[in-house]
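Thanks for asking me to look this one over. Here are my notes, in numbered points, for you to read alongside the structure.

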Amino acid sequence: MSSRPPREQSNSPDENRSASTVLVTGATDGVGRATALELARRGATVIAHGRSDAKAQSLESALAATGTADYETVIADFTELDDVRELADHVAFRYDRLDALVNNAGAFFESGELTAEGVERTIAVNHLAPFVLTDRLRDRIEAANGRVVTTASAIHHRAEFAIADLETTTDYDGMDAYARSKFANVLFTYQLAERLDRATANCFHPGFIPSSGLYRNASLPVRLFMAVLSALPSVLTDRFTASAEAGAETAVYLATSGEVADVTGQYFDGTESAESAPKTYDEALQQRLWEWSESVVADV
Ligand SMILES: NC(=O)c1ccc[n+]([C@@H]2O[C@H](COP(=O)([O-])OP(=O)(O)OC[C@H]3O[C@@H](n4cnc5c(N)ncnc54)[C@H](OP(=O)(O)O)[C@@H]3O)[C@@H](O)[C@H]2O)c1
């Protein structure tokens, strides 16, 4: 994990600044980038995570262009849980309180592979990384009566979720693994809401966003399909696709709005609480995922 030093002085007038401090993961592209920029415009201190130096630099320019100086970019590769731990320790060292953690970084992988630490890659990046990050930052979030917001997906509805499948790399199907990891995001959120004493936990579907970077590892036909959808005029696609900025509206809403200050353990589609898949409400399954996650991260 490496980080850039925070700017020493603020360009924004005090009266326009919010006291809130928000960590957004996966802030170098798509929904996370739009979320980080909107939070910066609203005066939050933004800790923006990415995995690439070059993209973090580009994000810094965009953050500076919002007029704020209250930001920091931090680098960590979520395929390495040790990197995630370093990121958490860095944030915990620098900030006494965290008003919101937006667990947004996510990836889709066409082929099944283990990370260098021996964990299936999709579940490592999409579920275990936010699991570890949230756990290590829990006291900072609770110190602020803060919020944990996780970017899930409506695709979780198609998952046939079984704990035993989480470690599968043989017989791997990229879309199944991705849907399982997003199902895990919902189970995690519901169980986290039960376990947090002084903070809330919610998750959301940001909409179907073909223009985001998510599909870069997908098969050629899928990539072509997304490119075509992204190129079509929005009047033709508006009913079933969204922009990264539209997806970010929900993240910002859940991270900041007074309307949801006391709402916890919910799945949102836009700014409306929505039903997630029936099996996500199974408390025993939520607990089994939690225990499985604890046992995997304890060994890595
Ligand atoms: N796009 C959709 O249709 C859609 C629908 C529902 C839910 N979602 C969810 O929305 C979230 C954001 O996705 P997006 O659509 O905005 O995709 P995106 O444009 O690809 O952004 C994903 C972010 O996560 C980062 N990331 C990817 N792999 C990482 C790794 N190994 N370590 C650290 N960071 C990593 C990316 O870094 P780089 O910039 O370096 O790639 C990027 O900042 C994800 O959780 C996704 O599952 C997306």
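1. Before anything else, please keep in mind that this is a predicted model. I start with a backbone detail at Asn 145, which is exposed, with a relative accessible area of 55%. Asn 145 sits in the loop between helix H4 (121–143) and strand S6 (147–151). Its phi is near 50 degrees, a positive value in a residue other than glycine. As background, most residues other than glycine have a negative phi.

2. Asp 171 belongs in the same discussion. Its phi is near 60 degrees, again positive in a residue other than glycine. You will find Asp 171 in the loop between S6 and H5. With a relative accessible area of 81%, Asp 171 is exposed.

3. Next, have a look at helix H4. Does its length agree with what its residue count predicts, or disagree? The 23 residues of H4 should span 33 Å at 1.5 Å a residue, and the end C-alpha atoms are 32 Å apart, so the two agree. Even so, H4 has a kink of about 60 degrees, centred on Leu 137. The helix is mostly covered, with 17 of its 23 residues buried.

4. H4 also turns up at the one cavity of 30 Å³ or more that a search of the whole structure finds. The volume of this largest cavity is about 60 Å³. Its lining includes Thr 25, Phe 78, Asn 103, Asn 104 and Lys 182. H4, S6 and H5 are the elements that give two or more residues to this lining, and H4 has the largest share, with three residues. By class, the cavity lining divides into four nonpolar, seven polar and one charged.

5. Now to the open spaces. The largest pocket has a volume of about 930 Å³. It is lined by 42 residues, and those nearest its centre are Gly 106, Ala 107, Tyr 178, Ser 212 and Leu 214. Helix H1 (30–41), strand S3 (45–50), H5 and helix H6 (220–231) each supply at least two residues of this lining. Which classes make up the lining of the largest pocket? There are 19 nonpolar, 17 polar and six charged residues.

6. The second largest pocket holds about 170 Å³ of space. Among the residues that line it are Asp 29, Arg 33, Glu 38, Arg 41, Ala 244 and Glu 249. H1 and helix H8 (244–256) are the elements that give two or more residues to the lining of this second pocket. H1 gives the most, with six residues. This lining divides into four nonpolar, one polar and seven charged residues.

7. The aromatic side chains deserve a moment too. The count comes to seven aromatic pairs. One of these is Tyr 190 with Tyr 281, a stacked pair at 5.3 Å centre to centre and 20 degrees between the planes. What makes this pair count as stacked? The ring centres lie within 6.5 Å and the planes are under 30 degrees apart, so the pair meets both cut-offs.

8. Where do the two partners of that pair sit? Tyr 190 is in helix H5 (residues 174–195), while Tyr 281 is in the loop between strand S9 (272–274) and helix H9 (283–299). The pair therefore links distant parts of the chain, 91 residues apart. Is each ring's residue buried or exposed, or in between? Tyr 190 is buried, with a relative accessible area of 6%, whereas Tyr 281 counts as partly exposed at 36%. Elsewhere, Phe 131, Phe 188 and Trp 290 form one aromatic cluster.

9. Finally, a word on Arg 85. This residue lies in helix H3 (residues 81–94). Is Arg 85 buried or exposed? Arg 85 is buried, because its relative accessible area of 13% is under the 20% cut-off. The C-alpha atom of Arg 85 is separated by 37 Å from that of Phe 240, and the two residues are 155 residues apart along the chain.

Terms used:
Residues numbered from 1 in each chain as written. Predicted model: local features only at pLDDT ≥ 70, side-chain atom pairs only at ≥ 80, totals over all residues. Heavy atoms only, no water. Phe/Tyr/Trp six-rings, centres within 6.5 Å; stacked < 30°, edge-to-face > 60°. Helix = DSSP H or I, 4+ residues; strand = E, 2+ residues; numbered from the N terminus. Buried < 20%, exposed > 50% of the residue type's maximum accessible area, 1.4 Å probe, protein only. 1 Å grid on protein atoms, 1.4 Å probe; cavity = no way out; pocket = protein on both sides within 12 Å on 5 of 7 lines; lining within 4 Å. Points joined across faces, edges and corners; volume = space filled by probe spheres on them. Nonpolar A, V, L, I, M, F, W, Y, C, P; charged D, E, K, R; others polar. Expected span 1.5 Å × (residues − 1). Bend = angle between axes of the 7 residues up to and from the residue.
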